[in-house]
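Student: I have the sequence and the model open, and I would like to understand the labels on it. Could we go through them one by one?

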Amino acid sequence: MSTSEVVKERLSKIADLKKEGVSLYGARFVRTHLIQEIREHFQEGLHVSIAGRLMAARDHGKSRFADMKDSSGTIQVYAKKDTLGDISFKLFSRLDLGDI
């Protein structure tokens with residue numbers, strides 16, 4: 001795919017999201033942990049907020065595995081449609097590699 005085709009595709013996705021009323025830049029987001037902190041002090045059931053870049057994604061029907069990377073490391077994220085709900089899961093599934 002040429003650079004101009006990639007740009008056109010991205011602009012089309014932006015237009016679709018705007019039509020759906022999605023705020024492209026969202027509201028204030030507070031990161032609670034770096035990825036390395038989660039890896040070092042993992043606790044079952046601990047709720048955290050991370051910020052990073054999507055490096056890889058694998059879809060499996062009603063679930064999606066993704067690799068997120070921040071300045072401290074990389075972690076695998078598991079997203080389930082049943083847990084996120086239809087709208088959030090759909091938005092998460094539409095993220096492109098490199099998205100923040």
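Tutor: Gladly! Let's begin with Tyr 78, whose relative accessibility is 47%. Keep in mind that this is a predicted model.

Student: Why is Tyr 78 called partly exposed?

Tutor: Buried needs a value under 20% and exposed needs one over 50%. At 47%, Tyr 78 meets neither condition, so the label is partly exposed.

Student: And what makes Phe 65 partly exposed?

Tutor: The relative accessible area of Phe 65 is 24%. That value lies between the 20% and 50% cut-offs, so Phe 65 is partly exposed.

Student: What does Ile 75 count as, buried or exposed?

Tutor: Ile 75, which lies in strand 3, has a relative accessible area of 17%. This is under 20%, so Ile 75 is buried. Across the chain of 100 residues, buried ones make up 17%.

Student: How do you know which label Met 1 gets?

Tutor: Met 1 sits in the segment before helix 1, and its relative accessible area is 72%. Since 72% is over 50%, Met 1 is exposed. From Met 1 to Asp 16 there are 15 residues in sequence and 21 Å in space, C-alpha to C-alpha.

Student: Back to the rings. How many aromatic pairs are there?

Tutor: The count comes to one aromatic pair. Its members are Phe 65 and Tyr 78, with ring centres 4.9 Å apart, and a pair requires centres within 6.5 Å, so they qualify.

Student: Why is the pair of Phe 65 and Tyr 78 called tilted?

Tutor: The planes stand at 35 degrees. Stacked would need under 30 degrees and edge-to-face over 60, so the remaining label, tilted, applies. The pair links distant parts of the chain, with Phe 65 in strand 2 (residues 63-70) and Tyr 78 in strand 3, 13 residues apart.

Student: What makes you say that the charged end of Arg 64 sits over the ring of Phe 92?

Tutor: The charged end of Arg 64 is 5.7 Å from the centre of the Phe 92 ring. The distance limit is 6 Å, and the direction must also be within 35 degrees of the ring normal. Arg 64 is listed as sitting over the ring, so both conditions are met.

Student: How do you know that strand 2 and strand 3 pair?

Tutor: Pairing takes at least two bridges, and these strands have eight, so they pair, in the antiparallel sense. Met 68 stands opposite Ile 75 in strand 3, and Ser 63 has Lys 80 as its bridge partner there. The two strands form a hairpin with two residues between them.

Student: What makes strand 1 and strand 2 a pair?

Tutor: The reasoning runs through the bridges again: seven of them, against a requirement of at least two, so the strands pair, also antiparallel. Arg 53 stands opposite Lys 69 in strand 2, while His 60 has Ser 63 as its bridge partner. In their hairpin, which has two residues between the strands, Gly 61 takes a positive phi near 65 degrees.

Student: Where do these strands come in the order of elements?

Tutor: From the N terminus on, the order is α-α-β-β-β-α-α, for a total of four helices and three strands.

Student: Which residues lie nearest the centre of the largest pocket?

Tutor: They are Ile 50, Met 68, Phe 92, Leu 95 and Ile 100, out of 43 lining residues. The pocket holds about 2,000 Å³ of space. As for Ile 50, its C-alpha is 10.0 Å from that of Ile 75, with their positions 25 residues apart in sequence.

Student: What makes up the lining of the largest pocket, by class?

Tutor: There are 24 nonpolar, 11 polar and eight charged residues. Strand 3 gives the most to the lining, with six residues. Elements that supply at least two residues each include helix 1 (3-19), strand 1 (53-60) and helix 4 (86-93).

Conventions: Residues are numbered from 1 along each chain as its sequence is written. This is a predicted model: local features need pLDDT of at least 70, side-chain atom pairs count only at pLDDT 80 or more; totals for chains, interfaces and linings use all residues. Side-chain values use heavy atoms; hydrogens and water are left out. On a 1 Å grid over the protein atoms alone, a cavity is a set of points where a 1.4 Å probe fits but cannot get out, and a pocket is an open set with protein on both sides within 12 Å along at least five of seven lines; lining residues have an atom within 4 Å of a point. Grid points are joined across faces, edges and corners, and a volume is the space filled by probe spheres set on the points. Ala, Val, Leu, Ile, Met, Phe, Trp, Tyr, Cys and Pro count as nonpolar, Asp, Glu, Lys and Arg as charged, and the others, Gly among them, as polar. Rings of Phe, Tyr and Trp (its six-membered ring) pair if their centres lie within 6.5 Å; planes under 30 degrees apart count as stacked, over 60 as edge-to-face and the rest as tilted. Buried means under 20% relative accessible area, exposed over 50%, partly exposed in between (1.4 Å probe, protein chains only).
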